[in-house]
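Hi,

Here is the structure I said I would pass on. Have a look through it first, and then read my notes underneath.

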Amino acid sequence: MKVLGVHFETHDCGAALVRDGEIVSVINEERLSHKKHDKRAPVLAIRACLDEAGLAPSDLDIVAFSGLPLPRAYFGYLNWEVRRAFWRHGATFPFRRSPYKLLGFRRLRRSIKKLAKIHEALSGFSGTYRHYAHEHLHVTGAYWTSGMDDPVIVVAEGAGWDRTSCVTVREGNGWREIAHTPWPHSPGLFYDCVTALAGFGQFHAGKITGLAACGDPSKCRDLVRPLLAHKDMRFVAHPDIFRWVLNPPAEVMAHNREDLSAAFQERLEEVVVDLVATAVERTGRDQVALAGGTFANVKLNQRIRALDSVREIFVHPGMSDIGQALGAALEAYAETDAQFQPSRLDHVYFGPRYDTAAVQAALREADLPFEHHKDGIEKVVAQKIHEGAVVGRFAGGMEYGPRSLGNRSIVYAPTDPAVNDWLNERLERSEFMPFAPAATWENRHRLFQGLDGAEYTAQFMTITCDCTDETKRVAPAIVHVDGTARPHLVRRETNPSFHRLLSEYEAISGIPCLINTSFNMHEDPIVCTPKDGITGFLRSRLDFLAIEDCLVPLPEELRVPRPG
């Protein structure tokens, strides 16, 4: 049984292929189109998934869409626009005269155009089409990859079709939704509000999480608290969320962005943690699976794990709309196989991979000299890092999800706290959290505290945890001001090459971790192809590019002096 999942409705469009219950390929359009958070029809992603599996459209049995059939989609769009108008302006609009009826039609027309391109890319397909609601695919993506026996699944995001959150459990071969929050009562928009107030654009909420640790929430707590609450596992938001973005009051803007961030982060944690605690209590299930863009907030996830009532937590690696296509493919397959069970992800390297011949051809085309280490490059790279080099690492299949997990990463020694300033400046980023650490699985308890029940999800850089005193002493560059870090735990069997690099660096330095940040410039997607890797390497002026088993030094004329 071969199932292709396709997401084309919102941002981060993409495709996923599942064959006989195994994930073969997952890729989002942005990695191939070079347009961040690409909203266009994922034609390139569909072709890449099929190529990875060696299939033609005619070989597929099911194509599963994230999105409702078009007649229902129109009313979904219309409902979304009318509710947004009510919240923004505090008034209802007569339906027959409302411009929002036209806006709903425009959204539908865009969807029709996207579908036409998708059908063209699937020419020859003669199987079955299936459609699923947006928020349901957050549920299914989290559940089928959780490996949990009986979790309660909590989804929280900016907006789905007509809701922003849900609490769901699996019963037998079906789903039971316990509660949901209707749009526009949104935890995601609550956090987007402070993102805008702080002067950042859409999709930069992660900056707020970092800023929050530098502020004092008490200074504007009373202003922020009324904006978000929950009642009976449903979020309750105040219309000021919209109004503050459109016309921020002076009393709000009188506070600095650090204090505002701290107050919004504190309130988000209070409300979401209490909602999850209620869900655990009501269902009697102490395993929690999380999905939706709100759970990209790694500090929030740490607070949820800290609940005494939660035995284990899992955050789906593609927690945002990045995960829609995979959720669709897994759910469609599960409907054909009554014996299908949730399983843990061995890895998330489901993207394109390239052999040495393709890499060397790209290097020669770029006229870059390189050393070929056919017996392994890890020891050489570890030595370069120990000597102070910043290295772009390109190896194996590209990661699924928003995090770089070693195969499309920039790696550096964790000993220099100033790296967060000078390397981010070189990458044209404005970040307020330190770079995340990649660490060997065997050393996890040596470096981090409070991992029990979060070890699985910590393999995907989706949760923070407290650092040990040793980590603060030997690896200060990966420790935030609040004493936490966002680890990527690396197993030998999951990524042998990256694990070997970490082990070689430990053998030289005594430190079992490295800085691991995404291999991309600011506002660019993470690199995908060898050509992307070479371009990113030259633009960011890294010291070396370790691309498969080839080591490339930065051309002398591009070198820049290192601060200090």
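Below is what I found, going from a sheet to the cores and then to a few helices.

First, the ground rules: this is a predicted model, so local features need pLDDT of at least 70 and side-chain atom pairs count only at pLDDT 80 or more, while totals for chains, interfaces and linings use all residues. Residues are numbered from 1 along each chain as its sequence is written, and side-chain values use heavy atoms, leaving out hydrogens and water.

Let's start with the sheet. It is open, with five strands in the order β3-β2-β1-β4-β5 and mixed pairing (strands pair if DSSP finds at least two bridges between them; helices are H or I runs of at least four residues and strands E runs of at least two, numbered from the N terminus). At the edges sit β3 (22-28) and β5 (128-132), each pairing on one side only. Inside the sheet, β1 (residues 2-7) and β4 (residues 62-66) are parallel, joined over five bridges; Val-6 has Phe-65 in β4 as its bridge partner.

On to the cores (sets of buried Ala, Val, Leu, Ile, Met, Phe, Trp, Tyr and Cys residues joined through side-chain atoms within 4.5 Å; buried means under 20% relative accessible area, with a 1.4 Å probe and protein chains only). The largest nonpolar core has 113 residues, and Phe-264, Phe-295, Ile-304, Ile-385 and Phe-448 have the most contacts inside it. Helix α11 (residues 257-283) gives the most to this core: twelve residues. Another core lies apart from it, with 40 residues, including Val-18 and Phe-350.

Now some helices. What is α5 (residues 134-144) largely enclosed by? By the rest of the structure, because ten of its eleven residues are buried; Trp-144 is one of them. In helix α4 (residues 99-121) you will find Ser-111, which counts as buried because its relative accessibility is 6%. Setting aside neighbours within four places in sequence, Ser-111 is in contact (heavy atoms within 4.5 Å) with Phe-8, Leu-70 and Tyr-77.

Last comes α19. Its buried residues are Phe-498, His-499, Leu-501, Leu-502 and Tyr-505. Looking down the axis of α19, they fall within an arc of 155° (taken from the directions from the helix axis to the C-beta atoms), so they line one face of the helix. These residues pack against several elements, among them α15 (378-386) and β21 (513-518). Just after α19, Gly-510 takes a positive phi of about 85°.

Cheers

Technical notes: Buried < 20%, exposed > 50% of the residue type's maximum accessible area, 1.4 Å probe, protein only.
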